[in-house]
Amino acid sequence: MSRKEKGPRVDIYARITDRIVADLEKGVRPWMQPWHSTNAVGRVTRPLRHNGLPYSGMNVLLLWSEAIARGFANPIWMTFKQALELGGAVHKGETGSMVVFASRFTKTETDAAGEEFDREIPFLKAYSVFNVAQIDGLPDHYHGRHPEPARDPIARIEHADRFFSNTGAVIRHGGDRAYFSPVTDHIQMPPFETFRDAAAYVATLSHEATHWTSASHRVNRDLSRYGKDRSERAREELIAELGSCFLCADLGIVPELEPRPDHANYLGSWLAVLADDKRAIFSAAAHAQRAVAFLHGLQPAASDEREAA
């Protein structure tokens, strides 16, 4: 592959990372949607495609960040072509928001012995989507309120309690710290009564549950250097932070808007990691997505779907 061919793909990583770094330097976590906003539409959710399916991984961060920066309250996004197919028209002068598509292609190469072999090469492609607020003429259900009604707050928390119970994770309560212990394979949480509210408890538990997935018999994310290497610790905490945001959105729960004091200290470390590795935020988002997907896979409904398939 020539340098010219490789450049644009690397530039996508750099452009996105630079934007996130700029926000972090201002003390803003760009993956934190302002859920308390009075003009929010419908319930808490991930960004959604035109067909209602949620975005995943890095695209969640990109579209949440765009929604914050541009004041979009509706969670639904679509391409220019999809808008046309639905009878809509993008407002004149509107600019799209970048999302990315990751895939691989196979290239045949020759080794030192003259034997041909296939090598898979990952690539990243960027394309633009528009928020429904930028589009006229769409069917009514795309505007106004999200088609899914908000759950009752009490039922919403009960739903979260069932979710974590279904994972089978050992969750103990006591003390004043929240953490996951790889040695004993348990999650330690302060007493429920010490949290500001039920949502803050769930947000913290979501963070620790993301750490819990790291075990070798789960998603197998190596934490052996967590206690020895500041950079590795920062990477894992970033994964858990994103995992908590993803999971809270999936559960319809407002995540912690203010970082815990112990996690706020990672801001400088995150900046150092991102400055050194332009792909670090992509890797963290992918690991977080994998962790959350694993937790969803432990739910009874997911098991029923696998058996039916």
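Okay, let's start with helix α2, residues 58–70: at 1.5 Å a residue its 13 residues should span 18 Å, and the end C-alpha atoms are 18 Å apart, so the two agree. The expected span here is 1.5 Å times one less than the number of residues. Helices, by the way, are DSSP runs of H or I with at least four residues, strands are runs of E with at least two, and both are numbered from the N terminus.

Before I go on, this is a predicted model, so local features need pLDDT of at least 70 and side-chain atom pairs count only at pLDDT 80 or more, while totals for chains, interfaces and linings use all residues. Residues are numbered from 1 along each chain as its sequence is written, and side-chain values use heavy atoms, with hydrogens and water left out.

For the overall picture, the protein has ten helices and eight strands. Of its 309 residues, 44% count as buried, where buried is under 20% relative accessible area, exposed is over 50%, and partly exposed is in between, using a 1.4 Å probe and protein chains only. Contact means heavy atoms within 4.5 Å, and among contacts with a separation of 6 or more, 71% come from residues 24 or more positions apart.

Back to α2, then. Ten of its 13 residues are buried, so the helix is largely enclosed by the rest of the structure. The buried ones include Met 58, Asn 59, Trp 64 and Glu 66. Just after the helix, Gly 71 takes a positive phi of about 75°.

So where does α2 meet empty space? On a 1 Å grid over the protein atoms alone, a cavity is a set of points where a 1.4 Å probe fits but cannot get out; a pocket is an open set with protein on both sides within 12 Å along at least five of seven lines; and lining residues have an atom within 4 Å of a point. Grid points are joined across faces, edges and corners, and a volume is the space filled by probe spheres set on the points.

There are two cavities of 30 Å³ or more. The second largest holds about 30 Å³, and its lining is Ile 16, Arg 19, Ile 20, Met 58, Leu 61, Leu 62 and Ser 65. The elements giving two or more residues to that lining are α1 (3–25) and α2, and α2 gives the most, with four. By class, we get five nonpolar, one polar and one charged; Ala, Val, Leu, Ile, Met, Phe, Trp, Tyr, Cys and Pro count as nonpolar, Asp, Glu, Lys and Arg as charged, and the others, Gly among them, as polar.

Now the largest pocket, at about 610 Å³. It has 22 lining residues, and the closest to its centre are Phe 101, Ala 102, Leu 124, Phe 282 and Ala 286. Here α2 turns up again: α2, β3 (97–110), β4 (116–131) and α9 (280–297) each supply at least two lining residues. The split is 13 nonpolar, five polar and four charged.

Last stop, helix α6, residues 230–251, which holds Ser 244. Ser 244 is buried at 8% relative accessible area. Leaving aside neighbours within four places in sequence, Ser 244 contacts Ala 203, Ser 206, His 207 and Thr 210.

And the cysteines: how many disulfides are there? Zero, taking a disulfide as a pair of cysteine sulfur atoms within 2.5 Å. The sulfur of Cys 245 is 6.9 Å from the closest cysteine sulfur, in Cys 248, which is too far for a bond. Cys 245 is buried at 3%, and Cys 248 is buried at 0%.
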